[in-house]
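Reader: Could you walk me through this model before I set anything up with it? I would like to begin with the overall fold and then go on to individual residues.

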Amino acid sequence: MQVKINIDGGSRGNPGPGASAYVICDMQGNILSQEGYFMTHCTNNQAEYTALKLALIKCKELGATELFIEGDSLLLVKQFTGEYKIKNPDLQARMQVIRKLAAPFTIHIKHVLREFNKAPDALANKAMDAKESLGFNPIKHLPEDADILATPTPQNRVNGVEVTPVKRTEKKAKATAKKAPHQPSLFD
């Protein structure tokens, strides 16, 4: 499923109270989800990065596969595409989470002027004014960054060692049972 996403983030005080927002629509323009996520303390860039992270989490919930993302942060767009280096360690860590979330999707991301990104901007400001998160069809479960970055443990591990399941056909199992040496009883 293809979706169109607009993202924005802001901070009052930079750093200070802030909010991240995303609006996800189907390709006909119907809103599937929108959320303004309140953050008690963040920078403008942290809020922008969080908006992208939240949108990716929601897209997974929605079952989207191809994302057309627009944002008014040139820095975020250029850093996501690799055109700009990420020098700030906090933003590097945030981008690592974003890249992990983005991996299963086909992503088209572009920078747009603020005037073409009004819906998430208004939503972020509304969340900052209310000092709480709000929205329509918000994220059901917001995972921690550590959970996102954790690599799944293979199912065939015992005490940290990879084990290979032994697959036997019925014939081999019977043959093995017939060939087993007879153990004499100690009481015969």
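**Sheet, surface and loops**

Author: This is a predicted model, and a good place to begin is the pairing of strand E2 (residues 16-26) with strand E3 (residues 31-42), which run antiparallel and are joined by 9 bridges. Within that pairing, Ala19 has Phe38 of E3 as its bridge partner.

Reader: What is the strand order in the sheet, and is it open or closed?

Author: The sheet is open and has 6 strands, with mixed pairing and the order E5-E4-E1-E2-E3-E6. Strand E5 (106-111) and strand E6 (134-136) are the edge strands, each pairing on one side only. On average, and with direction ignored, neighbouring strands of this sheet are turned by 15° against each other.

Reader: Which strands does helix H2 touch?

Author: Helix H2 (residues 74-81) packs on the sheet and touches strand E1 (2-11), strand E4 (66-71) and E5, and the direction of the helix makes about 145° with that of E5.

Reader: Stepping back, how many helices and strands does the protein chain have, and how do they run from the N terminus on?

Author: There are 6 helices and 8 strands in the protein chain, and from the N terminus on they run β-β-β-α-β-α-α-β-α-β-α-β-β-α. If we take contacts between residues at least 6 apart in sequence, 73% of them join residues at least 24 apart.

Reader: And how much of the chain counts as buried?

Author: Of its 188 residues, 36% count as buried. The protein chain exposes about 12000 Å², and carbon and sulfur atoms supply 54% of that area.

Reader: Changing topic to the rings: how many aromatic pairs does a search of the whole structure find?

Author: The search finds 0 aromatic pairs. There is, however, a charge over a ring to look at, since the charged end of Arg99 sits over the ring of Phe80, 5.5 Å from the ring centre.

Reader: Now the loop between E4 and H2, where Ser73 has its place. Is Ser73 buried or exposed?

Author: Ser73 counts as buried because its relative accessibility is 10%, and the cut-off for buried is under 20%. Leaving aside residues up to four places away in sequence, Ser73 touches Glu48 and His111.

Reader: I also want to check the backbone. Which peptide bond is cis in the loop between E1 and E2, where Pro15 has its place?

Author: The bond from Asn14 to Pro15 is cis, with omega near 10°. Asn14 lies in that loop between E1 and E2 as well, and phi of Asn14 is near 40°, a positive value in a residue other than glycine.

Reader: Why flag those two features at all?

Author: They are flagged because most residues other than glycine have a negative phi, and most peptide bonds are trans.

Reader: Okay, and where is Lys131, and what is its phi?

Author: Lys131 is found in the loop between helix H4 (118-130) and E6, and has a positive phi of about 55° although it is not a glycine.

Reader: Why does Lys131 count as exposed, and Asn14 as partly exposed?

Author: Lys131 counts as exposed because its relative accessibility is 60%, and exposed means over 50%. Asn14 has a relative accessibility of 45%, so it counts as partly exposed.

Key:
Residues are numbered from 1 along each chain as its sequence is written. This is a predicted model: local features need pLDDT of at least 70, side-chain atom pairs count only at pLDDT 80 or more; totals for chains, interfaces and linings use all residues. Side-chain values use heavy atoms; hydrogens and water are left out. Two strands pair if DSSP finds at least two bridges between them. Helices (H or I, at least four residues) and strands (E, at least two) are DSSP runs, numbered from the N terminus. Axes are lines fitted to C-alpha atoms, for helices over the stretch in contact, and angles run from 0 to 180 degrees between N-to-C directions. Contact means heavy atoms within 4.5 Å. Buried means under 20% relative accessible area, exposed over 50%, partly exposed in between (1.4 Å probe, protein chains only). Accessible areas come from the Shrake-Rupley method with a 1.4 Å probe; for residues, only the protein chains shown count as cover. Rings of Phe, Tyr and Trp (its six-membered ring) pair if their centres lie within 6.5 Å; planes under 30 degrees apart count as stacked, over 60 as edge-to-face and the rest as tilted. A charge sits over a ring if NZ of Lys or CZ of Arg is within 6 Å of the ring centre and within 35 degrees of the ring normal.
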